[in-house]
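Welcome, and please open the model in your viewer. We will go from stop to stop, selecting a few residues each time.

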Amino acid sequence: MARKSSLLKRAAIAVVSVIAIYVLLNASVSRSLPSSSDLPRQLIREEDDDGRAPTLPLVKVYMYDLPRRFTYGLIEQHGIARGGPNKPVADVTTLKYPGHQHMHEWYLFSDLNRPEVDRSGSPIVRVLDPADADLFYVPVFSSLSLIVNAGRPVEPGSGYSDEKMQDGLMDWLEGQEWWRRNEGRDHVIPAGDPNALYRILDRVKNAVLLVADFGRLRPDQGSFVKDVVIPYSHRVNLFNGEIGVEARNTLLFFMGNRYRKDGGKVRDLLFQVLEKEEDVTIKHGTQSRENRRAATKGMHTSKFCLNPAGDTPSACRLFDSIVSLCVPVIVSDSIELPFEDVIDYRKFSIFVEANAALEPGFLVKLLRKIETKKILEYQREMKSVRRYFDYDNPNGAVKEIWRQVSQKLPLIKLMSNRDKRLVLRNATEPNCSCLCTNQTGVITSI
């Protein structure tokens, strides 16, 4: 018994000794470490008065005062081609930008023209001195330029020329010291239409391009690394009703141009597979006021909306579907989507591989299996994210585009500094400056 007591006594002494050593070491280490007052200010994460984490500094953007012919002049040319007055207006604020799916260029231009007090919450701030700028915005209406003479014959040597506009823009940019300084890397240019700026893409490819997708761009012209995928402007009215399927009697709806080029050829094949299916409405229709009304009604009264590829992988009907709370059925294997750093499209969209969608009966059988509970989940999620695709929403598409643009700044600085010290390399060597996605051959779809 005495031996057992002796063992316990020695064990207690050992435990006390370990605790004492730990206390002494901890005190010594604490004295050797700097306090928060000794740390550089930039290493300390402070909280504001409301207890929130600090916000990052706003990215400073300088918007070029482009010659009129690249902005308001294009609105005037669009009107002239449609029988409007053939002379500049005295007050440009009276000009109305024509509505179309690439209105992002107008909304971004208008946003930067607003007083800063009206731009609360934006991740960027406009500066009036280019020397203060982190980034430079080029507010050319490049997509509007493409449709000035759309469908209208132009006599050689007369009328408006998109090609001349592009050449003129490039000449003007290359005359700016800020463009020449970094070869345009710190410039942001809207090029939403797949054919926008096609003539000068090789000369502006260093810039941050705002694009709908990469369908018409080579890997050395556009990539996720430097560019921003933006949403088309929705052309149907927002659905303001409650979530539900009671008033949505159509299973699947599509209305749009049946005949497209390139990847959009899948549309005609889908028409052939679906046009005789029960509870499916699939119609050929081009852009017009009457067709937009019909499309609005169709999307607002359907459970699912078909979104096949257009001439390029993306198409405006996806965003029409979302604001209509009509579950998108995306048949476009190469599609790229805006704001995927904050949005998981699988939560409200159904992705179907093109080959599977073209199998007779496959698509409608798949959709009929989806229970009402799941459709309501999709609708709730669409309702929560649709502000991201609404250019009129103060917390919508414009703010999100600027957020993604601002995130490019560290890379721009890296690439600008890197280019200044690199020796010119053989163009056939591998280039790590672009990012290619899904090169494994793995396709994820239902």
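Start by selecting Ile 189 in this predicted model. Leaving aside residues up to four places away in sequence, Ile 189 touches Val 138, Val 140, Leu 173, Trp 179, Leu 197, Val 204, Ala 207, Val 208, Leu 209 and Leu 210. Now widen the view to the largest nonpolar core, which has 109 residues. Ile 189 is one of the residues there that touch the most other members, together with Leu 169, Leu 252, Leu 274, Phe 304 and Leu 306. Colour the domains and you will see that this core draws at least three residues from each of domain 1 (59-149 + 161-229) and domain 2 (250-386). Apart from this core lies another, of 8 residues, including Phe 253, Met 255, Ala 295 and Val 323.

**Two loop residues**

From Ile 189, step to one of its contacts, Leu 197. Leu 197 sits in the loop between β4 (187-190) and α7 (201-204). Is Leu 197 buried or exposed? Its relative accessibility is 1%, so Leu 197 counts as buried. Check the backbone too: Leu 197 is not a glycine, yet its phi is positive, about 60 degrees. Most residues other than glycine have a negative phi.

Next, select Phe 339, in the loop between β10 and β11. Phe 339 also has a positive phi of about 60 degrees without being a glycine. With a relative accessible area of 1%, Phe 339 is buried.

**Helix α9**

Move on to helix α9, residues 289-300. Its 12 residues should span 16 Å at 1.5 Å a residue, and the end C-alpha atoms are 17 Å apart, which agrees. Show side chains for Ala 295, Thr 296, Gly 298, Met 299 and His 300, the buried residues of α9. What do these buried residues pack against? Their partners are β7 (250-256), β9 and α10. Ala 295 is worth a second click, as a member of the 8-residue core.

**Strand β9 and Pro 308**

Follow β9 to Pro 308, which is found in this strand. Pro 308 has a relative accessible area of 4% and is buried. Draw a distance from its C-alpha to that of Val 329: the two atoms are 8.0 Å apart, while the residues are 21 apart along the chain. Beyond residues up to four places away in sequence, Pro 308 touches Phe 254, Val 266, Arg 267, Leu 270, Ala 315 and Val 331.

**Helix α13**

Now select helix α13, residues 372-385. Its 14 residues reach 20 Å from first C-alpha to last, close to the 20 Å expected at 1.5 Å a residue. Highlight Ile 375, Tyr 378, Gln 379, Met 382 and Val 385, which are buried. Which way do they point? Turn the view to look down the helix axis: the buried residues of α13 fall within an arc of 135 degrees, so they line one face of the helix. In an α-helix with 3.6 residues a turn, residues three or four places apart point the same way. The cover over the buried residues of α13 includes β9 (302-308), α10 (317-323), β10 (327-331) and β11 (350-351).

**Zooming out**

Finally, show the whole protein chain, with its 15 helices and 11 strands. Of its 446 residues, 46% count as buried. Among contacts between residues at least 6 apart in sequence, 69% join residues at least 24 apart. Switch on the surface to finish: the accessible surface comes to about 24,500 Å², of which 53% belongs to carbon and sulfur atoms.

Key: Residues are numbered from 1 along each chain as its sequence is written. This is a predicted model: local features need pLDDT of at least 70, side-chain atom pairs count only at pLDDT 80 or more; totals for chains, interfaces and linings use all residues. Side-chain values use heavy atoms; hydrogens and water are left out. Helices (H or I, at least four residues) and strands (E, at least two) are DSSP runs, numbered from the N terminus. The expected span of a helix is 1.5 Å times one less than its number of residues. Buried means under 20% relative accessible area, exposed over 50%, partly exposed in between (1.4 Å probe, protein chains only). The arc is that of the directions from the helix axis to the C-beta atoms. Contact means heavy atoms within 4.5 Å. A nonpolar core is a set of buried Ala, Val, Leu, Ile, Met, Phe, Trp, Tyr and Cys residues joined through side-chain atoms within 4.5 Å. Domain bounds come from an automatic or database domain assignment. Accessible areas come from the Shrake-Rupley method with a 1.4 Å probe; for residues, only the protein chains shown count as cover.
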